[in-house]
Amino acid sequence: MIRDPRDLLAAIQTIINPTEKPPALVFNCHITGLAVARSLGKRGVPVIGLDRDPNGYGLHSKYTKVAGYCPNPLDDESGFIDLLMQIGAALKRKAVLFPCLDEWVFAVARHRRELEEYFILPFAELDTIERVLDKNLLYRKCEARGISIPRTFYIGAQTPEEIAAQIEFPCIVKPALQREFTNEFGEKVFKAADAGEFMSLCERASGHPLLAQEIVGAGVDSFYSLCSYIGLDGQAKGLFVGRKLEQFPPDFGTACLVDSRYVGEIVERGIDILKQFAYQGISEVEFIYDERDRDFKLLDINTRVWKWIGLPIRAGIDLPWLAYADAVYGDVEPAARQEDGLRWVYLKDYITLRQATPGSAEATLGLEDWRDLASGREDGKVVAAILSAEDPEPFAWMMESALGGRRYYCAC
């Protein structure tokens with residue numbers, strides 16, 4: 001990783017050839033950024049990877065032509081934007097931006113007008129992003145438009161005492177804005193077993209806008225996602241449905257095992273929601289299946305690439321490339337139907353989960369799956385988040401980081 005901005009700009013001017021395809025800037029450049037770098041790099045796009053942490057796996061990919069340090073927008077948004085503007089001025093043509101976490105999306109969207117002098121931003125405007133990422137706004141819009149969601153209470157509109165008298169326990173206490181909450185507590189949500197714990201958790205997280213929500217779904221495999229790219233013309237250019245099989249931590253963590261499983265109802269409902277919010281760009285629309293009324297209920301919308309983006313890429317729905325090609329060339333042809341029966345795994349979390357809860361889940365990897373993974377092939381039925389025979393350095397860095405006690409915190 002190049003830390004000095006002057007050295008970073010010099011490297012960009014030296015390495016990025018203006019006769020090549022327009023470059024892509026990927027930030028942060030960890031698990032998600034690695035998949036984006038591989039997707040675009042294999043197609044000849046020069047990738048500049050930026051991160052606030054040198055342990056980002058994507059910084060060590062052979063497909064990342066320049067890997068550099070950038071300020072964390074949560075701590076120094078103006079410094080981050082200033083660096084982007086300097087990079088833009090050093091490039092010979094406009095580059096395409098790929099923010100990989102919510103705070104990076106917000107920072108870039110807030111400064112969209114000035115950044116558009118040097119960059120192409122293949123995602124929605126700030127007002128749309130705010131309506132989607134702020135769960136207070138998202139869920140209220142869903143209620144107003146008849147979009148099915150789990151039963152939700154807004155802490156602030158009602159007191160915790162009033163909500164405790166109405167909600168069924170156990171329940172979820174979740175933030176309206178994810179990143180600041182997760183950075184402080186290291187968790188995505190809190191689970192309250194009873195009214196006493198609910199009141200305590202509301203007090204503990206009182207510095208954040210909060211919601212209370214019923215728990216829906218019979219298990220982790222009740223979670224489905226529509227993953228898509230909505231083009232500049234408002235039409236869907238790529239559609240993929242994945243189902244979460246395992247997550248870590250096991251209660252309310254992030255996916256570590258996912259399969260490709262097309263569900264027409266998920267596609268129709270997800271696209272309708274995105275159209276209602278006038279959303280354009282890459283997104284992940286998360287649903288949970290409620291067996292009580294046999295309905296898929298909206299949980300969340302990620303307005304960016306996300307942790308297991310490598311699965312739709314492998315299944316033939318290369319969302320980063322569709323976004324890049326639409327931004328640079330326009331008039332992108334829609335991708336064909338996804339390949340089902342594939343799985344994506346983040347081995348580090350999956351192995352940790354299996355060690356902690358051996359034999360507790362049906363969705364385990366079998367012997368043939370491990371053989372597939374051991375080959376390092378990228379056309380196998382199991383897609384590894386990091387391991388790749390064609391691009392081995394990120395996996396080597398992951399092992400070295402683990403043994404050296406270095407940890408990249410990313411609640412993607």
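Begin by selecting helix H4 (residues 102-110) together with helix H6 (residues 126-133), and turn the view until one lies in front of the other: in this predicted model, H4 passes H6 in a left-handed crossing. The two axes come within 9 Å and cross at roughly 150 degrees, which makes H4 roughly antiparallel to H6.

Now show the side chains at this contact, where H4 contributes Asp-102, Val-105, Phe-106, Ala-109 and Arg-110, while H6 contributes Leu-126, Ile-129, Glu-130 and Leu-133. When these residues are coloured by character, the contact of H4 with H6 divides into six nonpolar and three charged residues, with no polar ones.

Keep Arg-110 selected, and add Glu-77. The side chains of Arg-110 and Glu-77 meet in a salt bridge, with an N to O distance of 2.7 Å. This pair links distant parts of the chain, since Arg-110 belongs to helix H4 and Glu-77 to helix H3 (residues 73-90), 33 residues apart. Arg-110, which is also one of the H4 residues in the contact with H6, is partly exposed, with a relative accessible area of 43%.

Which residue meets the side chain of Arg-292 in a salt bridge? Select Glu-214, and the two side chains will be seen to meet at 3.2 Å, N to O. Arg-292 lies in the loop between strand S13 (281-290) and strand S14 (295-302), whereas Glu-214 lies in strand S9 (residues 210-214), so the pair ties together parts that are 78 residues apart in sequence.

Is Glu-214 buried or exposed? A surface display helps here: Glu-214 counts as buried, at 17% relative accessibility, because the cut-off for that class is under 20% relative accessible area. Its partner Arg-292 is exposed, with a relative accessible area of 57%.

For a pair within a single helix, move to helix H15 (residues 367-375), which holds both Glu-368 and Arg-371, three residues apart, or about one turn of the helix. Glu-368 forms a salt bridge with Arg-371, and the closest N and O atoms are 2.4 Å apart. Glu-368 is exposed, with a relative accessible area of 53%.

Return then to Glu-214 and Arg-292, and extend the selection to Asp-290, Asp-293 and Lys-297, for salt bridges that share partners join these five residues into one network.

To finish, display every salt bridge at once: a search of the whole structure finds 27 of them, among them the pair of Arg-110 with Glu-77 and the pair of Glu-368 with Arg-371.

Notes:
Residues are numbered from 1 along each chain as its sequence is written. This is a predicted model: local features need pLDDT of at least 70, side-chain atom pairs count only at pLDDT 80 or more; totals for chains, interfaces and linings use all residues. Side-chain values use heavy atoms; hydrogens and water are left out. A salt bridge is a side-chain nitrogen of Lys or Arg within 4 Å of a carboxyl oxygen of Asp or Glu. Helices (H or I, at least four residues) and strands (E, at least two) are DSSP runs, numbered from the N terminus. Buried means under 20% relative accessible area, exposed over 50%, partly exposed in between (1.4 Å probe, protein chains only). Axes are lines fitted to C-alpha atoms, for helices over the stretch in contact, and angles run from 0 to 180 degrees between N-to-C directions. Angles under 35 degrees count as roughly parallel, over 145 as roughly antiparallel, 65 to 115 as roughly perpendicular and the rest as oblique. A crossing is left-handed if the near helix is turned anticlockwise from the far one by less than a right angle, and right-handed if clockwise. Contact means heavy atoms within 4.5 Å. Ala, Val, Leu, Ile, Met, Phe, Trp, Tyr, Cys and Pro count as nonpolar, Asp, Glu, Lys and Arg as charged, and the others, Gly among them, as polar.
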